[in-house]
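Reader: Before any discussion, may I have the sequence and the structure in view?

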Amino acid sequence: MLETSARLLKLLSLLQVRRDWTGPELADRLSVDVRTIRRDVDKLRSLGYPVTSLPGATGGYQLGAGAELPPLLLDDDEAVAVAVGLRTAANGSIAGIEETSVRALTKLEQVLPSRLRRRVQALQTHTTPLTAAGPTVDPETLTIIAAACRDHQQLRFTYASTHGEPAKRLAEPQGLVHTGRRWYLVAWDVSKEDWRTFRVDRITGHPTLAARFTPREPPAESLGEFVSRQISSNVYTYQAVLRIHAPLQVVAERTSPMSVSLEPVDDTSCLMRTGAEALDRIVFYLLYLDLDFEILEPQRLRDHVGTLITRLQKSIGAQA
């Protein structure tokens with residue numbers, strides 16, 4: 001059994017990870033009885049943490065926002081600095097920590113007093129970062145989506161697809177994926193009855209929460225790989241599968257998950273899936289990689305490359 005101080009920290013961590021817990025769930029996680037959980041919750045309240053009780057036969061607890069910032073070893077200025085830094089990182093200005101920043105921001109804003117929220121929003125509104133061009137996403141939209149993923153709540157939002165008018169969507173969010181320049185939401189589309197990938201920058205306004213749902217089996221072991229497959233080929237007119245005669249790590253360093261999906265074959269080769277609106281674009285991309293490759297499909301791409309080879313040979317007076 002954990003010592004009291006260690007158990008309190010573990011209890012606080014659990015309350016931050018999920019929106020609400022029943023007493024028996026917490027007791028099972030901490031290997032204590034429900035009465036001990038009640039006493040530990042009272043201790044957290046005495047330290048300033050706003051833990052509220054939920055109605056129900058088994059009872060429950062929720063960590064909410066209080067009138068004052070709970071003792072996180074941060075003063076007001078430090079809390080504002082952390083929140084602004086996390087919002088900035090969530091927008092992709094610091095590569096590699098975007099998803100972690102969203103998770104941390106979700107926890108912090110859950111307990112941030114309203115007076116500090118106003119300071120954070122004011123500073124964010126009147127600060128203009130000099131960043132590379134590309135679609136931007138409101139951090140509040142990201143935190144709403146992240147919280148819905150955590151709490152298994154449906155989302156209602158207006159979405160503008162690539163070729164269609166904005167439409168109302170109802171989805172069961174599974175998770176967020178950041179590719180370096182864009183955020184994608186992986187979710188079960190209730191009306192389409194299928195998994196879909198939504199670009200978050202195409203969501204108009206802030207999503208609204210709807211009913212709770214029972215989580216489904218994810219569409220892939222890795223949501224990142226699922227999004228990579230979706231955006232690298234499925235949205236294009238032509239899809240290609242190629243065997244690249246180089247280790248996967250070498251190919252990964254020369255490509256982007258927004259352009260290709262990679263699978264290992266052996267130590268010296270890998271499969272690459274990609275797509276484009278024109279066959280020439282795929283050919284140019286392959287030549288740019290400067291690696292040996294074999295076209296597996298489609299046959300139309302193989303025929304097109306054969307035509308290009310004949311044309312190039314003629315241009316230098318070579319015999320086909």
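The questions below move from the whole chain to particular rings, a helix and the backbone.

Reader: How many helices and strands are there in the protein?

Author: The model is a predicted one. Of its 320 residues, 41% count as buried. As for secondary structure, the protein has 11 helices and 12 strands.

Reader: Among contacts between residues at least 6 apart in sequence, what percentage joins residues at least 24 apart?

Author: The count considers contacts in the protein between residues at least 6 apart in sequence. The share of these that join residues at least 24 apart is 60%.

Reader: Which residues do ring pairs link into a cluster?

Author: The structure holds four aromatic pairs. One of them joins F157 and Y159 edge-to-face, with 6.4 Å from centre to centre and 80° between the planes. Y159 also pairs with F198: their centres are 5.0 Å apart and their planes stand at 85°, which is over 60 degrees and therefore edge-to-face. Ring pairs thus link F157, Y159 and F198.

Reader: How many residues apart in sequence are the parts that the pair of Y159 and F198 ties together?

Author: Y159 belongs to strand β4 (residues 153-159), whereas F198 belongs to strand β7 (residues 194-199). Because the two rings sit in these two strands, the pair ties together parts whose separation in sequence is 39 residues.

Reader: Is F198 buried or exposed?

Author: Residues under 20% relative accessible area count as buried. F157 has 4% and Y159 has 7%, so F157 is buried and Y159 is buried. The relative accessibility of F198 is 1%, so F198 is buried.

Reader: At what distance from the ring centre of W188 does R216 lie?

Author: Here an arginine is placed against an aromatic ring: R216 lies over the face of W188. The distance from the ring centre is 4.1 Å.

Reader: How far apart are the end C-alpha atoms of helix α11?

Author: Helix α11 has 17 residues, 299-315. At 1.5 Å a residue, α11 should span 24 Å. The distance between its end C-alpha atoms agrees with this, at 25 Å.

Reader: Which residues of α11 are buried, and how wide an arc do they cover around the axis?

Author: An α-helix has 3.6 residues a turn, so residues three or four places apart point the same way. In α11 the buried residues are L301, V305 and L308. They lie on the same side of α11, because the arc they cover around the axis is only 60°.

Reader: What covers the buried residues of α11, and which exposed residues does the face turned away carry?

Author: The cover includes β9 (238-244), α10 (279-289) and β12 (293-297). On the face of α11 turned away from its buried side, the exposed residues are R300 and K314.

Reader: Which peptide bond is cis, with omega near 5°?

Author: The bond concerns P298, a residue in the loop between β12 and α11. With omega near 5°, the cis peptide bond runs from E297 to P298.

Reader: What is the phi of E193, which is not a glycine?

Author: E193 is in the loop between β6 (183-189) and β7. Its relative accessible area of 60% is over 50%, so E193 is exposed. Although E193 is not a glycine, its phi is positive, at about 55°.

Reader: Is H152 buried, exposed or partly exposed?

Author: H152 is in the loop between α7 (139-151) and β4. H152 is not a glycine, yet it has a positive phi of about 55°. Its relative accessibility is 31%, so H152 counts as partly exposed.

Definitions and conventions: Residues numbered from 1 in each chain as written. Predicted model: local features only at pLDDT ≥ 70, side-chain atom pairs only at ≥ 80, totals over all residues. Heavy atoms only, no water. Phe/Tyr/Trp six-rings, centres within 6.5 Å; stacked < 30°, edge-to-face > 60°. Buried < 20%, exposed > 50% of the residue type's maximum accessible area, 1.4 Å probe, protein only. Helix = DSSP H or I, 4+ residues; strand = E, 2+ residues; numbered from the N terminus. Lys NZ or Arg CZ within 6 Å of the ring centre and 35° of its normal. Expected span 1.5 Å × (residues − 1). Arc of directions from axis to C-beta. Contact = heavy atoms within 4.5 Å.
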